[in-house]
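Trainee: I would like a close look at a single part of this chain. Please take one helix and go through what surrounds it.

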Amino acid sequence: MRNTARWAATLGLTAATVCAPLTGAALAAPAAAPASLYAPSALVLTLGHGETAATAGAARAVTLSCMPGPSGTHPAPAPACAELRAVGGDPAALAGPGDAMCTKQYDPVVVTVDGVWQGKRIAFERTFANECVKNAAESSLFAF
């Protein structure tokens with residue numbers, strides 16, 4: 001009978017030692033899970049008439065989010081996100097001159113891209129001579 005009592009006491013203490021961390025606060029506060037499987041990619045794009053973003057008022061503004069899927073108020077989020085992915089999130093690579101015929105009229109248009117691309121901060125500004133030159137870049141990102 002003594003052996004049975006001793007084994008019962010030993011088994012009870014072992015169970016309490018092993019299971020104690022699983023009760024109380026440990027169950028009430030589970031480990032923090034990552035907020036997302038993807039690095040954030042959310043941008044605000046603006047277009048204004050003037051030579052710099054500081055002096056031009058925003059005529060249009062759209063949002064673009066690329067993770068986990070393309071979304072936002074941008075008129076073509078999927079192609080815009082694909083273009084950004086292709087150039088590693090560098091809008092300057094998309095703002096090159098196109099081959100469209102434009103007038104030499106100087107009516108500056110400034111485009112800005114601000115936000116986060118795959119966890120990295122982006123602050124881009126580009127001034128085009130006029131709306132035609134901006135559209136000649138043939139980039140979905142700037143087509144809003």
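Mentor: What follows is an account of helix H3 and the parts around it, in a predicted model.

To place the helix, begin with the whole chain. The chain has 4 helices and 4 strands, and along the sequence they follow the pattern α-α-β-β-α-β-β-α. Helix H3 spans residues 77-86. Of the 144 residues of the chain, 28% are buried. Among contacts between residues at least 6 apart in sequence, 57% join residues at least 24 apart. The chain exposes about 9000 Å², of which carbon and sulfur atoms supply 63%.

Now the helix itself. Its buried residues are Pro77, Ala80, Cys81, Glu83 and Leu84. Viewed down the axis of H3, these buried residues fall within an arc of 160 degrees, so they line one face of the helix. The general background is that an α-helix has 3.6 residues a turn, so residues three or four places apart point the same way. The buried residues of H3 pack against S1, S2 and S3. After H3 comes glycine 88, which has a positive phi, near 65 degrees.

Three of the buried residues can be followed outward, starting with Leu84. Leaving out residues up to four places away in sequence, leucine 84 touches Leu43, Leu64, Gly89, Asp90, Pro91, Leu94, Trp117 and Leu141. Leu84 also belongs to the largest nonpolar core, which has 21 residues; it is among the members that touch the most other members, together with Leu43, Leu45, Leu64, Val113, Leu141 and Phe142. At least two residues of this core come from each of strand S1 (42-49), strand S2 (58-65), helix H3, strand S3 (109-117) and strand S4 (120-128). The largest share, 4 residues, is supplied by S3.

Next is Glu83, which is buried too. Its side chain makes a polar contact with the side chain of serine 139, at 2.8 Å. Serine 139 is found in the segment after helix H4 (131-136). With a relative accessible area of 9%, serine 139 is buried, because the limit for that class is under 20%. Apart from its neighbours within four places in sequence, serine 139 is in contact with Glu83 and Leu94. Leu94 is also among the residues that leucine 84 touches.

The last of the three is Cys81. Cysteine 81 forms a disulfide with cysteine 66, with the sulfur atoms 2.0 Å apart. The torsion about the S-S bond is about -85 degrees, so this disulfide is left-handed. Cysteine 66 lies in the loop between S2 and H3 while cysteine 81 lies in the helix, so the pair ties together parts that are 15 residues apart in sequence. Both ends are buried: cysteine 66 has a relative accessible area of 2%, and cysteine 81 has 0% relative accessibility.

For comparison, look at the other bridge. The count of disulfides is 2. Cysteine 102 and cysteine 132 form a disulfide, again with sulfur atoms 2.0 Å apart. This disulfide has an S-S torsion of about -80 degrees, so it is left-handed. Cysteine 102 is in the loop between H3 and S3 and cysteine 132 is in helix H4, so far as sequence goes 30 residues apart; the pair links distant parts of the chain. Here the cysteines are partly exposed, cysteine 102 at 26% relative accessibility and cysteine 132 with a relative accessible area of 31%. With the bonded cysteines numbered in sequence order, the pairing is 1-2, 3-4.

A residue away from the helix gives a contrast in exposure. Arginine 121 is found in strand S4, and it counts as exposed at 59% relative accessibility. Not counting residues up to four places away in sequence, arginine 121 touches Asp114 and Gly115. The side chain of arginine 121 reaches the backbone oxygen of glycine 115 at 3.1 Å. The C-alpha atoms of arginine 121 and leucine 43 are separated by 9.6 Å, and these residues are 78 apart along the chain.

To return to the helix: the buried residues of H3 line one face and pack against S1, S2 and S3. From that set, leucine 84 joins the largest nonpolar core, glutamate 83 meets serine 139 through a polar contact between side chains, and cysteine 81 is bonded to cysteine 66.

Key:
Residues numbered from 1 in each chain as written. Predicted model: local features only at pLDDT ≥ 70, side-chain atom pairs only at ≥ 80, totals over all residues. Heavy atoms only, no water. Buried < 20%, exposed > 50% of the residue type's maximum accessible area, 1.4 Å probe, protein only. Polar contact = N/O pair within 3.5 Å; in protein donor to acceptor, adjacent residues only side chain to side chain. Contact = heavy atoms within 4.5 Å. Core = buried A, V, L, I, M, F, W, Y, C linked by side-chain atoms within 4.5 Å. Disulfide = S-S within 2.5 Å. Arc of directions from axis to C-beta. Areas by Shrake-Rupley, 256 points an atom, 1.4 Å probe, with all protein chains shown as cover.
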